[in-house]
Amino acid sequence: MSDAIDPVWPTTAGMNPFESVMWRLDAAPMLRVPTLSCEELDSVPDWDRFLAAHEWAVRMAPQFRLKVVEPPFGLGTPRWTVDPHFDLSFHIRRQRLPEGGGWPELFEALSQFFTTPLDRSRPLWEIVLYSGLPEGRAVYALKMHHSMGDGFAVMHLLSRLHSRTREPSPDKPSPGELPAPELNEIDALRRQLLDDASIVPSVATKLGSAALRTVTNPVGGLKATARYAASLKRVVAPPVGSGSELLAGRSMSMRLSLIDVPFSDFRAAAKAAGGSVNDAYLAALYGGYRRYHEAMGVEPPESIPTGFPISLRTADEAASGGNRIAAARIPGPVAEADPVQRIARIRELTQAARNEPAVDVMGVASPALARLPAPVLAAAVGPLTARLQLMASNVPGIGRGHYLAGAEVLRFFGYGRSGAAALITFITSGDLASVGVGFDPAAITEPKLFLECLVEGFVEILDLHPGSGKPVLRG
């Protein structure tokens, strides 16, 4: 065995404030924020080898052996601590789909798995290995609480934990022992008091520096303050967009599906229209939303409130776990029928949203929000997401050539939950883009029609590049 190496996702003492907010919102069932990362495998891994791979993985990624401990009465930041009763068998299981089943049966099973709450007294993740797909294929599904990490962190984690060969690697390096001690509630409160005391000098220094800049450049300081105030007013306003009553319903359920999109053709179509892949992706979704309204006999709204995450990771943070994202919002131009004009408008809107000085307002406000009781927090934050009618995420994939316990990973796809009518995720795997469609059936009351309309939305964009392949709906 090789010498011990540094682990992936090294342990951290406490959640950051943004993660604390997500953790405490979990107490309100409608605001739970799990994530589901899936991989299609070319074969069903040997079960013993699969378990052994995960025994190694939870040593490599110590965060997977940690649970959450709260200070008494919620007086402070939740902290991570070693679960003294960690049992890998509780977190991993396998399930065979019904005989003769396929993608529809898989998505039914995934929907049930995704919406089942995680056990808050244990480490916040579970895995199911689904077998019984056509051609002997399998699907690996990792469900995590969002407070553990964002989509960029999960993709990096999987790239580090998967093998680059199909054959076993008995001499692969092993991490050292997990150093984090076990904490109880009183320990958590004591650590919180020490943390609060330690940040006072740095806060004072920052305030002093800001004051000095204002004294030495009063005009510049006042202008910067005014710009931020104007931006803050725009960012914290109710979700933008006229919205649609057709999509107003909300429930605790989620339905999942998947659309395959030929990525090279889609990228070429985006370029032909003068936009980025993300611009074209949003344009395809809005085209689908417009068609869905028309098929339901409802006038499409001028725009719908849309949210999308922005990564705040620096180059130094690219390999870290946790969450480094901000949420931006735009009025999605659903009524624009011309796809090229729609892409151009989306480009304007998204660039303006990304450039808002107050785009990370949740990160700024989270230290205060995290101290609120869960019911008050839910009342303050819940409406901001529940009014969204689309949440669209675009996560870079990690390419082909990865193996899990001897099975090749053919594609990655994923899902999240935000309280919006639909949360749709675009992940690339080589020349394939996998569009994970998750939606609330109380908002999308005709699921089959909705999915068909989304497929047509992607066809419309692909047609901008003559000779493009066609998208395929899976389930």
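Good morning. Let me begin with a definition: in this talk, two residues are in contact when heavy atoms of the two lie within 4.5 Å. The structure before you is a predicted model, and I shall start with one residue to which that definition applies.

That residue is E40, which belongs to strand 1. Setting aside neighbours within four places in sequence, E40 contacts W103, R137, A138, V139, E408, V409, L410, R411 and F413. One partner on this list, R137, is also joined to E40 by a side-chain polar contact of 3.0 Å. Another, R411, is 371 residues away along the chain, yet the C-alpha atoms of E40 and R411 are separated by 5.4 Å. Is this glutamate buried or exposed? E40 has 5% relative accessibility and therefore counts as buried, since the cut-off for that word is under 20%.

Let me now place strand 1 in its surroundings. Strand 1 comprises residues 34–41 and runs antiparallel to strand 12, residues 407–416, with 7 bridges joining the two. As one example of the register, L36 has Y415 of strand 12 as its bridge partner. Both strands belong to an open sheet of 6 strands with mixed pairing, in the order 4-5-6-1-12-11. Which strands stand at the edges of this sheet? They are strand 4, residues 92–96, and strand 11, residues 403–404; each has a single partner strand, so one side of each is left without a neighbour in the sheet.

I turn next to F50, a residue of helix 2, which spans residues 47–60. F50 counts as buried because its relative accessibility is 0%. Not counting residues up to four places away in sequence, F50 touches P45, I92, I127, L129, Y140, L404 and A405. There is a long-range relation here as well: the C-alpha atoms of F50 and G406 are separated by 8.6 Å, although the two residues are 356 residues apart along the chain.

Helix 2 appears again when we consider helix 5, residues 151–161. The buried residues of helix 5 are A153, V154, M155, H156, L157, L158 and L161. Against what do these buried residues pack? Their partners are strand 1, helix 2, strand 6, strand 10, strand 12 and strand 13. At the N-terminal end, helix 5 is capped by D150, with a side-chain oxygen of D150 lying 3.2 Å from the backbone nitrogen of F152.

Strand 13, one of the elements just named as packing against helix 5, deserves a closer look. It covers residues 422–429, and 8 of its 8 residues are buried. A422, I424, F426 and T428 point one way, while L423, T425, I427 and S429 point the other way; all are buried. Strand 13 runs parallel to strand 10, residues 390–395, with 5 bridges between them. Within that pairing, A392 has I424 as its bridge partner. Strand 13 also pairs with strand 14, residues 432–439, here in the antiparallel sense and over 8 bridges. In this second pairing, F439 is the bridge partner of A422. The hairpin of strand 13 and strand 14 has 2 residues between the strands, and G430 takes a positive phi near 65° there.

A further acidic residue is D279, found in helix 9, residues 277–295. With a relative accessible area of 2%, D279 is buried. A polar atom of the D279 side chain lies 2.9 Å from the backbone nitrogen of S276. Leaving aside neighbours within four places in sequence, the contacts of D279 are I343, I346, R347 and T350.

Next, the internal space. How many cavities of 30 Å³ or more does a search of the whole structure find? The search finds 1, and about 110 Å³ of space lies in the largest cavity. Helix 4, residues 103–115, and strand 6, residues 138–145, are the elements that give two or more residues to its lining. That lining has 14 residues, with D26, R32, P34, P117 and L118 lying nearest the centre of the cavity. By character, the lining divides into 6 nonpolar, 3 polar and 5 charged residues.

I close with the protein as a whole. Its secondary structure comes to 13 helices and 15 strands. Of its 475 residues, 50% are buried. Among contacts with a separation of 6 or more, 79% are between residues 24 or more positions apart. Thank you.

Conventions: Residues are numbered from 1 along each chain as its sequence is written. This is a predicted model: local features need pLDDT of at least 70, side-chain atom pairs count only at pLDDT 80 or more; totals for chains, interfaces and linings use all residues. Side-chain values use heavy atoms; hydrogens and water are left out. On a 1 Å grid over the protein atoms alone, a cavity is a set of points where a 1.4 Å probe fits but cannot get out, and a pocket is an open set with protein on both sides within 12 Å along at least five of seven lines; lining residues have an atom within 4 Å of a point. Grid points are joined across faces, edges and corners, and a volume is the space filled by probe spheres set on the points. Helices (H or I, at least four residues) and strands (E, at least two) are DSSP runs, numbered from the N terminus. Ala, Val, Leu, Ile, Met, Phe, Trp, Tyr, Cys and Pro count as nonpolar, Asp, Glu, Lys and Arg as charged, and the others, Gly among them, as polar. Buried means under 20% relative accessible area, exposed over 50%, partly exposed in between (1.4 Å probe, protein chains only). Two strands pair if DSSP finds at least two bridges between them. A polar contact is a pair of N or O atoms within 3.5 Å; within protein, one must be able to donate a hydrogen and the other to accept it, and residues adjacent in sequence count only if both atoms are side-chain atoms.
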